[in-house]
Amino acid sequence: MARKNSRSRGRKPAAAKRPRLRLALRILGILCIVGLAAGAAGLAYLWPRCSGADCPSVAALREYTPPQASRIFDGRRQLVAHLAPERRIVVPLDRIPAHVSGAFLAVEDKRFYRHHGVDYRRFFGAVARNVKDLSWSQGFSTVTMQLARNVFPQHLKREKTIKRKAWEVVLARDIEDAFSKDQILEMYLNQIYLGGGMHGVEAAAQGYFGKSATRLTNAQAATLATIPRNPSHYDPRRNPAGVLARRNLVLGMMASSGVITAEEAEEAKAEPLGLAPPAEARGRAPYFVAAVRRELRERFGADADQMGLRVYTSLDPELQRNAEQALVAQIRAVERGTHGRFRGTSCAGGAVSNPDRCLQGMFVALDADDGDVLALVGGRDYALSQFDRVTQAKRQAGSAFKPIVYSAALARGIPITEPLIGPGVSGGAADSLGYYPADHVSDTVTMDMRGALRTSSNRAAVVLGTRVGATNVVAQARELGITTPVKAYPSTFLGAADVIPIELVAAYAPFANGGAAVKPRLIRRVEDANGRVLYEARRERRYVMSPSVAFLTTSLMRDVVDHGTGSGVRQAGLPYSIPAAGKTGTTNEAADVWFVGATPDVVAGVWLGFDRPQRILSNASGGGLAAPVWGKVMAGYYQSHTAPAGWNPPAGLLEVNVDRHTGKLATAACPGSDVRTEYFIPGSEPTEYCPVHPEGAGGWFDRTLRGIGDWLGGGSTEPVPPPPPRKPKQPRSTYPETH
């Protein structure tokens, strides 16, 4: 009996449990009611509402037109290109093949004909996956919801928010009430944005494949259906690998939905993308337009093409046209064997199976004073390759880098007349490096800075660069605007570092304008459709060298053009009345050839080579291939532009007559052919007289004439020294002497 009482005391009565259960249920009910109330309040707060003319009207769908195309104008305010010209072509649904419309429905909205604007099965599935993944990655937009988003962007921003989705739901149901399913699908297929400024399947079919939507293959239809998910990412031209992978996924979905058979899907997966040349290839200045488009998208977003912008640039249409023609003509001449045996693939005319193997080139010209881009040719043919070698390539500069080394030396007080190589000239620290580059200049010839740059001596450049210091040369390159990695190695003095071509060309601007670095700018001003200024480029100039150093470096490069490796500029037709300075460049194995040069108002550069570096010709050189293109283009430019005045030496330089062999002060005995005028930064001028032609030296005839002169003049027989160095007479420089 006691044991029974013990067991009964261990159990609680059922009546004691019921109050606690009721309390728990009551609390749970209250929480549910509060949650539902909060949810309802939140939904009421977020639910779309508006009044008056600001409310979106689904009736406007019948007259809807996509946003206005942005336009680019040249430096003369003439239209160059529409960034989205005539990119919406409306076609009725019965003219759109079933496999084209089916491709979009298979990937975007499988139950399109079974819901009323919102696919709730897909909605709850997306919510469950997003909760599971703690993300907002899974969407549930139907074709009708996408149509609403495309037509009413002012209410449906691109951000993923609950309020935006609520707007899509409301508008989608209104659209379903106002239109039939076939009408909705027709509007969707004609208005959906498919990248590149193109709206609708017909415009996209013509833009990407050069054919009507009625002639699209299964693979091409699937390609278009990949784009709506993310038009900027799934751009067939910019991301072909990603598009190809998703296209094959879409083909599988088309087969699963019964749009095509499994066999047809497998056959289509084997097809390449097969894109037609882009629309820019048929227009003016395609590489320039593409570069402007990239900058606009960086500044204003992916929709910049269709924002109705007015984009004003500095493009010189005549210079651009001449540059395109001269560059292509030279490339074709190389391929024909005009300059020597060409072992590469000729890509002139006809279909090209492998564009990567074609000889390429680039030309870019900037205003020397402010960096405005006057012409930009990023390759031989935009239809062949959209890669822009002016702004996107990185190539070794070769000897075109040497003016940077020389300007660094001049800035440190090394005079132009300093012997660098030759008999009796020590290489100094350069010899201790054990770095002896190949050189076409004999060791038996004495070379100062002028002669060394004129002949492009590699040994002299290493001696000079070592004397300046590799870190100082790298710092000079940075000051001049080179942003790519440049190592403090002896090979850097010879241009072994990769550079972006437009940066190398811009680095020559301080030599031409008196010492100010400029930043290249494609766009001067951007206005909206109503003329309101949205962006105006600032003139970015900063002094990185003194006018004296700029003038002396330019003086050396003038010799390159007039008497040295760059003489092809003159031979191509640029008259001597046009002041010009520049430097050739040729890299190892003749894989890159350059000419970068300047006049007082324009800096420009030419490059030829293969995208995958290989020898162009056995005897290829910058002087033989690139310099003539530069000379021809600039000669044409100055036929319609006023010839600039030459460079004047700035105040502060000393003008000195020197013997060109010794670099010492010229004496009266120095033959006239050996005397040249040089300019020196004060303190770097020579102080000793020429030892080869001392005063009193000379033959019997010279001594007799001098004696007769002394007798007639009754003067002293002491030799008369030449006049001391003098400052040149010229207007005072408007540029500051300090950096």
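In which loop is Thr-417 found? Thr-417 is found in the loop between α14 and α15 (429-433), where helices (H or I, at least four residues) and strands (E, at least two) are DSSP runs numbered from the N terminus. The structure is a predicted model, in which local features need pLDDT of at least 70 and side-chain atom pairs count only at pLDDT 80 or more, while totals for chains, interfaces and linings use all residues. Residues are numbered from 1 along each chain as its sequence is written, and side-chain values use heavy atoms, with hydrogens and water left out.

Thr-417 is buried, because its relative accessible area is 8% and buried means under 20% relative accessible area, exposed over 50%, and partly exposed in between (1.4 Å probe, protein chains only). When residues up to four places away in sequence are not counted, Thr-417 touches Asp-448, Val-658, Gly-663, Arg-676, Glu-678 and Phe-680; a contact means heavy atoms within 4.5 Å.

A second loop residue, Ala-302, is located between α12 (286-300) and β3 (310-313). With a relative accessibility of 43%, Ala-302 counts as partly exposed. The C-alpha atoms of Ala-302 and Pro-231 are 8.9 Å apart in space, although 71 residues separate the two in sequence. Ala-302 touches Ser-232 and Arg-297, again not counting residues up to four places away in sequence.

Two helices were examined for their buried residues. Helix α8 (residues 201-209) is mostly covered, with eight of its nine residues buried. These are Val-201, Glu-202, Ala-203, Ala-204, Ala-205, Gly-207, Tyr-208 and Phe-209. The cover over the buried residues of α8 includes α3 (98-108), α7 (181-191) and α9 (218-226). Just after α8, Gly-210 adopts a positive phi of about 65 degrees.

In helix α18 (residues 470-479), the residues Ala-470, Val-473, Val-474, Gln-476 and Ala-477 are buried. They lie on the same side of α18 because they cover an arc of only 155 degrees around the axis, the arc being that of the directions from the helix axis to the C-beta atoms. An α-helix has 3.6 residues a turn, so residues three or four places apart point the same way. Among the elements covering the buried residues of α18 are α14 (402-411) and α17 (458-468). Gly-481, just after α18, has a positive phi of about 105 degrees.

Positive phi values also occur in residues other than glycine. The phi of Ser-456 is near 60 degrees, and this residue lies in the loop between α16 (449-455) and α17. Ser-456 counts as buried because its relative accessibility is 8%. Glu-589, likewise not a glycine, has a positive phi of about 60 degrees. The loop that holds Glu-589 runs between β12 (581-586) and β13 (592-598). In contrast to the buried Ser-456, Glu-589 is exposed, with a relative accessible area of 52%.

A search of the whole structure finds one disulfide, defined as a pair of cysteine sulfur atoms within 2.5 Å. The bond joins Cys-347 to Cys-358, with an S to S distance of 2.0 Å. Both cysteines, eleven residues apart, are in the loop between α13 (317-336) and β4 (359-367). The link of Cys-347 and Cys-358 is left-handed, with -95 degrees about the S-S bond. Cys-347 and Cys-358 are both buried.

Cys-670 is in no disulfide, and the nearest cysteine sulfur, that of Cys-690, is 3.8 Å away. Cys-670 is buried, with a relative accessible area of 8%. Cys-690 is likewise in no disulfide, its nearest cysteine sulfur being that of Cys-670. Cys-690 counts as buried at 2% relative accessibility.

At the surface, Leu-23, Ile-27 and Leu-31 make a nonpolar patch of about 290 Å². Patches are made of residues with over 30% relative accessible area and no salt bridge, with like charges joined within 9 Å and nonpolar side chains (Val, Leu, Ile, Met, Phe, Trp, Tyr) within 5 Å. A salt bridge is a side-chain nitrogen of Lys or Arg within 4 Å of a carboxyl oxygen of Asp or Glu. Accessible areas come from the Shrake-Rupley method with a 1.4 Å probe, and for residues only the protein chains shown count as cover. Leu-31 lies in helix α2 (residues 14-46) and counts as exposed, at 56% relative accessibility.
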